[in-house]
Amino acid sequence: MSRREIREQIFKILFRAEFYTGEELDDQLELSVGSIEAPEEDIAYIKNKTADICRHLDEIDALINAHAEKWKTGRMAKAELAIIRLAVYEMNYEKEIPVFVAINEAVVLAKRYGDERGPGFVNGILAKLLPQTADE
């Protein structure tokens, strides 16, 4: 799988996670990962990255809420929220992914899965996070 396809699978799992809590969430994550047809190493990467994002959700949401004026995570459309969470994770926890790649890939996902204003919204929120994530 390409990195873009892997990122898309992670987005889909994060989106589904919005509708489950507790033990249900763990079961749903396992079902979601189990339905992906890909090499074992890609499945492991998807599973590990998704689990790590879920472990950091409180920190990710706090960062988003601190910079998203009038659009706290509770008010965001679920698709855009999952996309933003994935990008914020990549911008802050995966240093091998350049910040601008994470943003660009988020906008690509928003064009495909968000509403007509989704790409601009996602780009705007992530742009506000740039000074906190850029190395210089």
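Val108 lies in helix H6, where helices are DSSP runs of H or I with at least four residues, strands are E runs of at least two, and both are numbered from the N terminus. At 28% relative accessibility, Val108 counts as partly exposed; buried means under 20% relative accessible area, exposed means over 50%, and partly exposed is what falls in between, using a 1.4 Å probe and protein chains only. Along the chain, Val108 and Glu8 are 100 residues apart, yet their C-alpha atoms are separated by 9.8 Å.

A quick word on what you're looking at. This is a predicted model, so local features need pLDDT of at least 70 and side-chain atom pairs count only at pLDDT 80 or more, while totals for chains, interfaces and linings use all residues. Residues are numbered from 1 along each chain as its sequence is written, and side-chain values use heavy atoms, with hydrogens and water left out.

**How far to trust it**

pLDDT is the predictor's confidence in each residue, on a scale from 0 to 100. The protein chain has a mean of 89, and 95% of its residues reach 70 or more. Which helix comes out lowest in confidence, and which highest? Helix H2 (residues 22-34) is lowest, with a mean of 78, and H6 is highest, at 97. Where pLDDT is low, the predicted coordinates should not be read in detail.

**H6 and its partners**

Helix H6 covers residues 99-113, and its 15 residues reach 21 Å from first C-alpha to last, close to the 21 Å expected at 1.5 Å a residue. That expected span is 1.5 Å times one less than the number of residues in the helix. The buried residues of H6 are Val99, Ala102, Ile103, Glu105, Ala106, Val107, Leu109 and Ala110.

One partner of H6 is H5 (residues 78-93), a helix of 16 residues that reaches 22 Å, close to the 22 Å expected. Of those 16 residues, 13 are buried, so H5 is largely enclosed by the rest of the structure. The table puts three helix pairs side by side; axes are lines fitted to C-alpha atoms, for helices over the stretch in contact, and angles run from 0 to 180 degrees between N-to-C directions.

| Helix pair | Angle | Axis distance |
|---|---|---|
| H5 and H6 | about 165 degrees | 9 Å apart |
| H1 and H6 | roughly 60 degrees | within 11 Å |
| H1 and H3 | about 45 degrees | 10 Å apart |

With their angle of about 165 degrees, H5 and H6 are therefore roughly antiparallel to each other. The cut-offs go like this: under 35 degrees is roughly parallel, over 145 roughly antiparallel, 65 to 115 roughly perpendicular, and the rest oblique. On the H5 side, the contact is made by Ala79, Ile83, Leu86, Ala87, Glu90 and Met91, and on the H6 side by Val99, Ala102, Ile103, Ala106, Leu109, Ala110 and Tyr113. Contact here means heavy atoms within 4.5 Å.

The axes of H1 (residues 3-17) and H6 cross at roughly 60 degrees, which makes H1 oblique to H6. In this pair, Arg4, Arg7, Glu8, Phe11 and Lys12 of H1 meet Asn104, Glu105, Val108, Leu109, Arg112 and Tyr113 of H6. So Val108 turns up again here, along with Glu8.

**H1 meets H3**

H1 also packs against H3, at an angle of about 45 degrees, and that makes H1 oblique to H3. From H1, the contact uses Arg3, Ile6, Gln9, Ile10, Ile13 and Leu14; from H3, Asp42, Tyr45, Ile46, Lys49, Thr50, Ile53 and Cys54. The buried residues of H3 are Asp42, Ile43, Ile46, Lys49, Thr50, Asp52 and Ile53.

Lys47 is found in H3 too (residues 40-55). Is Lys47 buried or partly exposed? At 37% relative accessibility, Lys47 counts as partly exposed. Leaving aside neighbours within four places in sequence, Lys47 touches Glu30 and Val33. Lys47 and Ile13 are 34 residues apart in sequence and 9.4 Å apart in space, C-alpha to C-alpha.

**Two loop residues**

His56 is found in the loop between H3 and helix H4 (57-67). His56 is buried, with a relative accessible area of 16%. Beyond neighbours within four places in sequence, His56 is in contact with Tyr89 and Tyr93.

Lys70 sits in the loop between H4 and H5, and is exposed at 68% relative accessible area. Its phi is near 65 degrees, a positive value in a residue other than glycine. Most residues other than glycine have a negative phi.
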